[in-house]
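Subject: A structure for you to look through

Hi,

Here is the structure I promised to pass on. Have a look at it first, and then read my notes below.

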Amino acid sequence: MAAPVIQLRALCCLCRVVLFLSQFYILSGGGSFSEEPSQPLPQAIKDPGPTRTFTAAPRAAESTDIPPYVMKCPSNGLCSRLPADCIDCKTNFSCVYGKPVTFDCTVKPSVTCVDPDFKSQKSFVLNMTCRFCWQLPEADYECFSSSNCRAVSCPRQRYAANCTVRDHIHCLGNRTFLKMLYCNWTGGYKWSTALALSITLGGFGADRFYLGQWREGLGKLFSFGGLGIWTLIDVLLIGVGYVGPADGSLYI
């Protein structure tokens, strides 16, 4: 009876020892079961090839400035009738003066024109007369008048005027040139008024005062028109236009 009890106690002690050793082993970390998060299996990654980098190039700033000559160029008109500032021509200075000549021309950028069939074109043939710009008739160019010369003088004075060819006229050479012109300007004096004053009040020098010749006017005033002789002479001189305004201008 005592033997089975002893065996039972020995088995309980052995179980306690085994339980103690197992707990000690677990606490020491040797048999800890740490649950690590499961990681997905690596999948095969396809190589996309060499990576290309596209850099957006900055656009050049578009110029919105309109060339000044475009304002003179009619849109969709005949190319042969464009002003000279709207075209570039290959001129030849070896042509014969006064003879018809043709030149190859192209329109400038931003200019649109058409041919006689109303088709857009950039190159055309221009027909013109062989002559330089300074050889044109006076009606084909404009000159700036000068008021610094005497229009009434003997001999008649000239002055150097800056002249510019009109837009629709084609010629050879520079379109702006100097030309010696006769003085031809007026200060607003009327020939009829001067003649009327000379006839009626010439003895008091009114005609000379009107023309700006105050020295001669004083002489006529204090001499009573040179006792009438000076008055008659002035009537004749103003009548034929020999005596004019003191500033050298022409009568109206």
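**What I found**

At 24% relative accessibility, Asp85 counts as partly exposed, a label for values between the buried range (under 20% relative accessible area) and the exposed range (over 50%), computed with a 1.4 Å probe and protein chains only. Asp85 has a partner: Lys72 forms a salt bridge with Asp85, with the closest N and O atoms 3.0 Å apart. Salt bridge here means a side-chain nitrogen of Lys or Arg within 4 Å of a carboxyl oxygen of Asp or Glu. Lys72 is also partly exposed, at a relative accessible area of 41%.

Before you go on, some ground rules. This is a predicted model, where local features need pLDDT of at least 70 and side-chain atom pairs count only at pLDDT 80 or more, while totals for chains, interfaces and linings use all residues. Residues are numbered from 1 along each chain as its sequence is written, and side-chain values use heavy atoms, with hydrogens and water left out.

**The chain as a whole**

The chain has six helices and eight strands. Both are DSSP runs numbered from the N terminus: helices are H or I with at least four residues, strands are E with at least two. Going from the N terminus, you meet them as α-β-β-β-β-β-β-β-β-α-α-α-α-α. The chain has 252 residues, and 26% of them count as buried. Its accessible surface comes to about 18,900 Å², with 62% belonging to carbon and sulfur atoms; the area comes from the Shrake-Rupley method with a 1.4 Å probe.

Contact means heavy atoms within 4.5 Å. Take the contacts in the chain with a separation of 6 or more: 58% of them are between residues 24 or more positions apart.

**The cores**

A nonpolar core is a set of buried Ala, Val, Leu, Ile, Met, Phe, Trp, Tyr and Cys residues joined through side-chain atoms within 4.5 Å. The largest one has 18 residues, and those with the most contacts inside it are Leu82, Ile87, Val107, Val111 and Phe124. Two elements give two or more residues to this core: strand S3 (100–107) and strand S5 (123–129). S3 supplies the largest share, four residues.

Which residues does Phe124 touch, leaving aside its neighbours within four places in sequence? They are Cys79, Ser80, Ile87, Phe103, Asp104, Cys105 and Val107.

There is also a second, separate core of 13 residues, including Tyr141, Phe177, Leu181 and Cys183.

**A three-stranded sheet**

Next, find the open sheet with the order S6-S7-S8 and antiparallel pairing. Two strands pair if DSSP finds at least two bridges between them. The edge strands are S6 (141–143) and S8 (176–182), each pairing on one side only. On average, neighbouring strands here are turned by 40° against each other, direction ignored, an angle taken between lines fitted to C-alpha atoms.

S6 and S7 pair over three bridges, and one match to look for is Cys143 with its bridge partner Cys163 in S7. S7 (residues 158–165) and S8 pair over seven bridges. Here Ala160 stands opposite Met180 and Ala161 opposite Lys179.

In a regular strand the side chains alternate between the two faces of the sheet. You can see this along S7: Tyr159, Ala161, Cys163 and Val165 point to one face and are buried, while Arg158, Ala160, Asn162 and Thr164 point to the other and are not.

**Back to the salt bridges**

How many salt bridges are there by this rule? The count comes to five. Asp207 forms one with Lys220, where the closest N and O atoms are 3.1 Å apart. Asp207 lies in helix H3 (residues 206–210) and Lys220 in helix H4 (residues 214–222), so the pair ties together parts 13 residues apart in sequence.

Lys220 also forms a salt bridge with Asp234, with the closest N and O atoms 2.8 Å apart. Asp234 lies in helix H6 (residues 229–239), so this pair joins H4 to a part 14 residues away in sequence. Lys220 is buried at 0% relative accessibility, and Asp234 is buried at 1%. Put together, Asp207, Arg208, Lys220 and Asp234 are linked in a network of salt bridges.

Happy browsing!

How values were computed:
Axes fitted to C-alpha atoms, helices over the stretch in contact; angles between N-to-C directions.
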